[in-house]
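Thank you all for coming. I would like to take a few minutes on one strand and on a few charged pairs, so please have a look at the model first.

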Amino acid sequence: MRRLAAILAADVVGFSALMSRDEQGTLEQLIAFRRNCFDPQIAQHNGRIVKLMGDGALVEFASVLDAVACAIAIQNNTKAQSADRFQLRIGINLGDVITTGEDIYGDGVNIAARLEPLAEPGGVCISGTVHDSLGGKINARFRDDGEQKLKNIETPVRVFRWVAGDISTSHTPSPNLDAGKASIAVLAFDNMSSDPEQEYFSDGIAEDIITALSHFRDFFVIARNTSFTYKGKAIRVDQVCQDLGVRYLVEGSVRKAGDRVRVTAQLIDGESGAHIWAAKYDRELTDVFAVQDEITQSIVSAVAPETIGAETRRARSKRPDNLNAWDKVLQARWHLGKFTKKNNQIAHDLLKRSLESDPDDSETHAALALSHIMGMLHLWRMDSKEAIQTGEVEAGLAVQLDDQNANAHAVLGMALCFARKFDESLAHLLRAIDLNPNLAIGYGNIAALYGVSGESDKAEQSAKHAMALSPRDPLKAFWRGGLGIGAYVTRQYSLCLENAIEGLKEHPGYASLMRQEAAALGMLGRREEAQLSIKRLLETMPGLTIERVRKMVPVRDPEDWEHWLEGLRRAGLPE
């Protein structure tokens, strides 16, 4: 039977010389070491000893993380207990193995055996495939030694060497999927066509999806070199997810007929086997690369929000006393999307609690900045200036903690816009989109900047693109606000009103859209409707005045700013 496995090969350094000097003592210590360290560590990390060869061993693991954590634990224990007598070299590979009885064969085994002698005494060498599978899931550093030619192995293997002394052995056997962010593996798409040339097209789509998803800081995405090892094999979704330590799996197929191609894709929950999302795309193959790009973006635009939605539902089903930092961020985002004072406060409290356990989490600070900005927009925080400043500080800290976090740059750009720092705002929003071209909040927030700057065409285009990337996003109301203010300041009152009415159907009580509805009705001369709109607005935001709106909404051009306030005056908002 052929399957994928992580293989650990270990060997005692200079065993023959030790035996020649003290045969009985060496054997006794080796037996004691196996009994006290080696065997317990293998068992603790869910390994199976395939064979013992006197001075060496071959061990099989279902999980790469277990294999590497086990190797490091063994080496640390060996160093502490018996460095004066002997040391081990360990090599680890992830690959195909063939089972015959209790024994295993294949490249997975051969490469592990060739990596072992490359390790230093007391060291560990792993293949590039193993390294790609680890991601950031284990606290250990590895030095890239580049591609190396191994004996009797046809293709050069990339080798990584464990940097001892900078590790934590706190890893528990089998990856704890509840401990981190959403983890995804994208398998090679099946080529269902008779044309082998379509293999490039099907592989290309899967590779592009992996690349696009890796730009999201919300996800841990398994590298192509690892997920593609399942190509052409019959798989069980739960087993693949267990092997790779992921919660979600993306798989699909490509079928070509004439000049048309059909691509199917599905997102699967690895724990339950349930399909979270599935879609089919039929296209004409006039331009292969254009079609590949378009289908890839369509799939990513669905997979990203659907995965976060599934993660949020999972987090919300947990007991309050069983939430980790990531769960608290997910729950906080959900509450922020409800746009009520109570939910905003719940989100704020969750994020503060999250920072108690993880004070340097960029996403938590970004979400906290968002809670302050939303509080300011809805008058839940009475001092608008202080709320904007606090939001800017929190978002700035989020970027400082992780400059590669596109979401943090998008929220900082939003905060800087309200702080009237328009050029800085644009720089961070463009940076967000550059870091992640599929980031809905990046396009949505830049729509708001374009809107208050009077660039209505850009605002409309960006807002619609954001909504296409994440159709059910809670922040869609804010993106519509950018489109609406852009339409208003360019005197497109009917468009502003239409956009506000449509947005309020999905998000009743969203402050910006309510203000835009009232102002547009005022400028259109629909006085009675405008007065009713203002009445609803004041019921939602008691104490709102023209002066307070002036502090909230940062229309860039002074003349446009006064024109914006004039619409609210005509609708009946008090000074």
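**Charged pairs and one enclosed strand**

At 25% relative accessibility, Arg-283 counts as partly exposed, where buried means under 20% relative accessible area, exposed over 50%, and partly exposed in between, with a 1.4 Å probe and protein chains only. This is a predicted model, in which local features need pLDDT of at least 70 and side-chain atom pairs count only at pLDDT 80 or more, while totals for chains, interfaces and linings use all residues. Residues are numbered from 1 along each chain as its sequence is written, and side-chain values use heavy atoms, with hydrogens and water left out.

Arg-283 and Glu-294 form a salt bridge through their side chains, at 2.7 Å from N to O; the term requires a side-chain nitrogen of Lys or Arg within 4 Å of a carboxyl oxygen of Asp or Glu. Because Arg-283 belongs to strand β14 and Glu-294 to helix α9, the pair ties together parts 11 residues apart in sequence; helices (H or I, at least four residues) and strands (E, at least two) are DSSP runs, numbered from the N terminus.

A second salt bridge joins Arg-536 to Glu-517, at 3.2 Å from N to O. Here Arg-536 is partly exposed at 40%, whereas Glu-517, at 10%, is buried.

Turning to strand β9, residues 182-186, 5 of its 5 residues are buried, so the strand is largely enclosed by the rest of the structure. Strand β9 pairs in the parallel sense with β11 over 3 bridges, pairing being called when DSSP finds at least two bridges between two strands, and 3 bridges also join β9 to β12, again running parallel.
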